[in-house]
Amino acid sequence: MIGELLGTYDIVNVLTPVNLGPAANQGKRVLIAHSAWCTLVIHKAAGTAGDDPTIDVQQANAASGGTEKDLDVVDHYYLKAEVTLDGDEAWVKETQTAASEIADPGGDLTSAEEEQIIVIEIDPATLDIANGFKWITIDIPDPGGTQLGGWLAYLKMTNPTAPA
């Protein structure tokens, strides 16, 4: 029997734990056009001062190849941040002008030095579906530096009325 969480959400691994530091990172493209909702969860380790990451949400018109373009709808996200996350942190809602990018999550120029969990909610209705953009991905450009571990997963809320 599938529990309530897994009966409602599909968990999709998008970026296996990697060192985000030495190069740009691109998450896998995931079809969300027929989902009710999609929540992006990014976890990153503490790293080197000044190597603050940028998170860039893109939409795509193919599962691979095709075209990507900015999904300029991220006007808020949720953040837990501390030098070492140990379960006593509160979620903080961070706001920004709608964009596809989150530069320096938390905006205090110390995001590289903190372990963080960043949560971004995406409504599939905001995709340019009329022009074939049904997939999303996250790009994390090279933040520089040496070691900055991280991973990314999507929680896709199922839509019982979506086509198969």
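A salt bridge here is a side-chain nitrogen of Lys or Arg within 4 Å of a carboxyl oxygen of Asp or Glu. That cut-off comes in handy for one lysine in this predicted model, but the overall fold comes first.

The chain is nearly all strands on paper: one helix and twelve strands make up its secondary structure. Going along the sequence, the helix comes at the start of the pattern, and the strands follow. Of the 164 residues, 41% count as buried. The accessible surface adds up to about 8100 Å², with carbon and sulfur atoms taking 56% of that. Contacts reach a long way along the chain, too: take those between residues at least 6 apart in sequence, and 81% of them join residues at least 24 apart.

What about the inside? In soluble globular proteins, nonpolar side chains tend to be buried together. The largest nonpolar core in this chain has 23 residues, and Leu40, Ile120, Ile138 and Tyr154 touch the most other members. Strands β1, β4, β5, β7, β10, β11 and β12 each put in at least two residues of this core. Leu40 shows how these pieces meet: beyond its neighbours within four places in sequence, its contacts include Val57, Ile118, Ile120, Ile138 and Tyr154.

Now for the lysine. Lys80 sits in strand β7, and it is buried yet has no salt bridge. The nearest side chain of opposite charge belongs to Glu89, 4.8 Å away, so the pair misses the 4 Å limit. Not counting residues up to four places away in sequence, Lys80 still touches Glu89, along with others including Leu85, Trp91, Glu115 and Ile117.

Key. Residues numbered from 1 in each chain as written. Predicted model: local features only at pLDDT ≥ 70, side-chain atom pairs only at ≥ 80, totals over all residues. Heavy atoms only, no water. Helix = DSSP H or I, 4+ residues; strand = E, 2+ residues; numbered from the N terminus. Buried < 20%, exposed > 50% of the residue type's maximum accessible area, 1.4 Å probe, protein only. Contact = heavy atoms within 4.5 Å. Areas by Shrake-Rupley, 256 points an atom, 1.4 Å probe, with all protein chains shown as cover. Core = buried A, V, L, I, M, F, W, Y, C linked by side-chain atoms within 4.5 Å. Lys, Arg positive; Asp, Glu negative; His and termini not counted.
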